[in-house]
Amino acid sequence: PSSGGSSDAMQEAADELLSLYQGEHHMLVWTRDGAAQIICQEQAPPDTLLRALWQATWLHCHAGEPDLLVRSVRALHESFAGFVDEAAALGWDVQTPVLCSLGQVRFRVV
């Protein structure tokens, strides 16, 4: 049984996140204090963490604008491939998986 209001709002927010990140192997929530909370699937493809970091950087650069999360996912889909091509052209190895141990990993975008 639902207690109403707040649980309905939380369910709606969860449903929106699931819909927004359909097809991705990560989810990112942008907090009020400008921090990204990211979760990646355990068996995610090698570029998943890089995609999440790209999105967090986009959010940081556009802080204060409306509809940030939706726009950041749209920008990720539209621009990530170009970013990977540019990084590879500059000599970055973007094909090697980034390995992180399970648990919390902290990055800071400045």
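Phe 80 and Phe 83 both sit in helix H3, 3 residues apart, which is about one turn of the helix. An α-helix has 3.6 residues a turn, so residues three or four places apart point the same way. In this predicted model, the structure holds 1 aromatic pair, and Phe 80 and Phe 83 are the two residues that form it. Their ring centres are 6.0 Å apart and the planes make an angle of 40°, so the pair counts as tilted, the class between stacked (under 30 degrees) and edge-to-face (over 60). How exposed is each partner? Phe 80 is buried, because its relative accessible area of 4% falls under 20%. Phe 83, with a relative accessible area of 32%, is partly exposed.

Phe 80 also belongs to a wider group of residues. The largest nonpolar core has 15 residues, and Phe 80 is among those with the most contacts inside it, together with Tyr 21, Leu 28, Trp 54, Trp 58 and Leu 59. Helices H2 and H3 each supply at least two residues of this core. The largest share comes from H3, with 7 residues. Leu 28 gives a good view of how distant parts of the sequence come together. Leaving aside neighbours within four places in sequence, Leu 28 is in contact with Leu 17 and Tyr 21, with Ala 36, Gln 37 and Ile 38, with Ala 52, Gln 55, Ala 56 and Leu 59, and with Leu 69.

Helix H2 deserves a closer look. What length should its 14 residues span at 1.5 Å a residue? The expected value is 20 Å, and the end C-alpha atoms of H2 are 20 Å apart, so the two agree. Many names appear when the buried residues of H2 are listed: Thr 48, Leu 49, Arg 51, Ala 52, Trp 54, Gln 55, Ala 56, Trp 58 and Leu 59. The elements that cover these buried residues include strand S1 (26-30), strand S2 (36-40) and helix H3 (68-89).

Trp 58, which lies in helix H2 (residues 48-61), shows this covering at the level of one side chain. Trp 58 has a relative accessible area of 13% and is therefore buried. Beyond its neighbours within four places in sequence, Trp 58 is in contact with Leu 68, Arg 71, Ser 72 and Ala 75. Another residue to compare with Trp 58 is Leu 76: the two are 18 residues apart in sequence, and their C-alpha atoms are 8.4 Å apart in space.

Ser 72 offers the view from the other side. Ser 72 is found in helix H3, and with 0% relative accessibility it counts as buried. Setting aside neighbours within four places in sequence, Ser 72 is in contact with Trp 54, Gln 55, Trp 58 and Leu 59. These four residues of contact are all on the list of buried residues of H2.

Charged side chains come next. A search of the whole structure finds 2 salt bridges. In one of them, the side chains of Glu 24 and Arg 51 meet at 2.6 Å, N to O. Glu 24 lies in the loop between helix H1 (5-20) and S1, whereas Arg 51 lies in helix H2, so this pair ties together parts that are 27 residues apart in sequence. Are these two residues buried or exposed? Both Glu 24 and Arg 51 are buried. The other salt bridge joins Arg 71 and Glu 65, whose closest N and O atoms are 2.8 Å apart. Here Arg 71 is partly exposed at 26% relative accessibility, and Glu 65 is partly exposed too, with a relative accessible area of 32%.

The loop between H2 and H3 holds Asp 67, a residue with an unusual backbone angle. Most residues other than glycine have a negative phi. Asp 67, however, has a positive phi of about 50° although it is not a glycine. Asp 67 is exposed, with a relative accessible area of 60%.

Finally, how many disulfides are there? The count comes to 0 disulfides, because no pair of cysteine sulfur atoms lies within 2.5 Å. As for individual cysteines, Cys 40 is partly exposed, at 33% relative accessibility, while Cys 61 is exposed, at 56%.

Key
Residues are numbered from 1 along each chain as its sequence is written. This is a predicted model: local features need pLDDT of at least 70, side-chain atom pairs count only at pLDDT 80 or more; totals for chains, interfaces and linings use all residues. Side-chain values use heavy atoms; hydrogens and water are left out. Buried means under 20% relative accessible area, exposed over 50%, partly exposed in between (1.4 Å probe, protein chains only). Contact means heavy atoms within 4.5 Å. The expected span of a helix is 1.5 Å times one less than its number of residues. A salt bridge is a side-chain nitrogen of Lys or Arg within 4 Å of a carboxyl oxygen of Asp or Glu. A nonpolar core is a set of buried Ala, Val, Leu, Ile, Met, Phe, Trp, Tyr and Cys residues joined through side-chain atoms within 4.5 Å. Rings of Phe, Tyr and Trp (its six-membered ring) pair if their centres lie within 6.5 Å; planes under 30 degrees apart count as stacked, over 60 as edge-to-face and the rest as tilted.
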